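Please look through the sequence and the model shown here before reading on. The paragraphs below are meant to be read with both in view.

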Amino acid sequence: MPQIPLPSTTALRVLAALVEHGSASEAAKSVHLTQSAVSKQLRSLEEIAGLPLFARTGRGLVPTAAGRIYVEQARIALGALETAAGRIAALRGSPNAIRLHVLPILGDRWLVPRLSQLAQARPELEVQFTSHGDTVEEADGVFRFGEGDWPGQQAEYLFGRNVALVGAPALLTRMGGIAAAEDVRRYTVLDHRHTPLRWSEFAEAQGLADFAPAHMVHFGFYALVIRAAIAGQGLALVPRCLIGEELLTGRLVNPAGLGFHSRHGYWFTVPADRVPRPGLAAFRDWLLAEARTLGPGM
């Protein structure tokens with residue numbers, strides 16, 4: 001099969017400019033070329049296409065059917081190249097730029113409130129967060145929840161294994177309180193579908209055989225589990241590191257001190273085969289120091 005010749009990026013930029021401005025002179029200004037260079041690029045495109053791409057009218061250059069097809073794909077191609085260039089520039093970045101991938105609940109409840117302290121301690125650091133469309137591999141550091149074993153990653157444990165049973169004071173008063181783990185059976189419990197923390201793990205830790213709560217409500221996000229618990233909709237299992245303020249203010253309580261020590265927790269990971277930037281090393285040192293302020297056993 002014969003190879004189809006492809007236009008240069010300059011030719012594609014010229015094509016988009018011609019469609020936008022309708023004249024070779026205005027297009028030349030926008031792409032910083034001479035008018036003759038623009039005409040040359042257009043001729044090369046039409047030779048590749050084998051069809052005229054523009055019709056000359058009293059209103060200027062108007063794209064033909066072939067021209068409209070070409071410019072539609074040209075814009076997609078140019079956009080993809082700009083995106084790729086932006087991502088590569090972000091990976092290269094400055095020595096003090098750090099791209100982080102953060103779990104939403106951890107970012108909202110623990111990391112973001114502490115960033116002002118980081119800015120004061122290390123003002124030279126440029127912390128950036130990956131967007132929804134970015135891949136984890138593009139980040140310099142990734143916050144993860146699990147047991148600490150991810151192939152190709154160096155993992156540092158932060159906190160999260162200390163899991164507390166929590167509920168709203170009004171709910172506990174209405175239901176007669178909880179004196180022992182057995183009493184949890186009478187309550188509605190709130191479950192996060194996508195976390196490895198399970199009520200079966202709580203039951204095992206508390207020695208509850210055939211544990212079956214009165215009712216179980218499932219959620220897809222930890223933020224909703226916590227909000228539902230505060231609203232008195234049921235009991236929840238939540239890492240203490242995420243609800244320190246609620247426990248301190250009494251919006252949530254930990255009846256009878258019930259909970260368990262999980263195998264799962266929050267970790268900070270970096271690619272094992274990538275030389276870290278100086279800024280990332282400084283951020284890691286700050287992060288581990290902040291994690292230690294929560295105390296042992298968290």
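What follows is a walk through this predicted model, from its sheet and helices to its nonpolar cores and then to individual residues.

A convenient place to begin is the open sheet, in which five strands are arranged in the order β9-β8-β10-β7-β11 with mixed pairing. Its edges are formed by β9 and β11, each of which pairs on one side only, and the average turn between neighbouring strands, with direction ignored, is 25 degrees. Within this sheet, strand β8, covering residues 188-192, and strand β10, covering residues 235-239, pair in the parallel sense over two bridges, and V189 has L235 in β10 as its bridge partner.

Two helices can be described in relation to these strands. Helix α8 lies across β7 (162-166), β8, β9, β10 and β11, and runs at about 90 degrees to β11. Helix α9, which spans residues 222-230, has Y222, V225, I226, A228 and A229 as its buried residues. Because these residues cover an arc of only 165 degrees around the axis, they fall on the same side of α9. The packing partners of the buried residues of α9 are α5 (104-111), β8, β9, β10 and β12 (265-271), and after the helix comes G232, with a positive phi near 80 degrees.

The next topic is the nonpolar interior. In soluble globular proteins, nonpolar side chains tend to be buried together. Here the largest nonpolar core has 60 residues, of which F143, V184 and F283 touch the most other members; helix α11, residues 278-292, gives the most to this core, with seven residues. Which residues does F143 contact, leaving aside its neighbours within four places in sequence? The contacts of F143 are L100, H101, V102, L103, L106, L111, L158, W267, F268, F283 and L287. Another core, of 21 residues, lies apart from the largest one, and among its members are A11, L15, L18 and L45.

Two alanines in regular elements can be set beside this interior. A205 belongs to helix α8, residues 199-206, and is partly exposed because its relative accessible area is 48%, a value between the limits of 20% and 50%. The C-alpha atom of A205 is separated by 17 Å from that of G265, which is 60 residues apart from A205 along the chain. A55 is part of strand β1, residues 54-57, and its relative accessibility of 33% is why A55 counts as partly exposed. When residues up to four places away in sequence are not counted, A55 touches G60, L61, V62 and T64, while the C-alpha atoms of A55 and G67, 12 residues apart along the chain, are separated by 9.3 Å.

Finally, the backbone deserves attention at two loop positions. Most residues other than glycine have a negative phi, and most peptide bonds are trans. D210, although not a glycine, has a positive phi of about 50 degrees; D210 sits in the loop between α8 and β9 (215-219), and its relative accessible area of 74% is why D210 is classed as exposed. A256, likewise not a glycine, has a positive phi of about 60 degrees and is found in the loop that runs between α10 (244-249) and β11 (259-261). Is A256 exposed or partly exposed? With a relative accessible area of 49%, A256 is partly exposed, because exposed requires a value over 50%.

Definitions and conventions
Residues are numbered from 1 along each chain as its sequence is written. This is a predicted model: local features need pLDDT of at least 70, side-chain atom pairs count only at pLDDT 80 or more; totals for chains, interfaces and linings use all residues. Side-chain values use heavy atoms; hydrogens and water are left out. Helices (H or I, at least four residues) and strands (E, at least two) are DSSP runs, numbered from the N terminus. Buried means under 20% relative accessible area, exposed over 50%, partly exposed in between (1.4 Å probe, protein chains only). A nonpolar core is a set of buried Ala, Val, Leu, Ile, Met, Phe, Trp, Tyr and Cys residues joined through side-chain atoms within 4.5 Å. Contact means heavy atoms within 4.5 Å. Two strands pair if DSSP finds at least two bridges between them. Axes are lines fitted to C-alpha atoms, for helices over the stretch in contact, and angles run from 0 to 180 degrees between N-to-C directions. The arc is that of the directions from the helix axis to the C-beta atoms.
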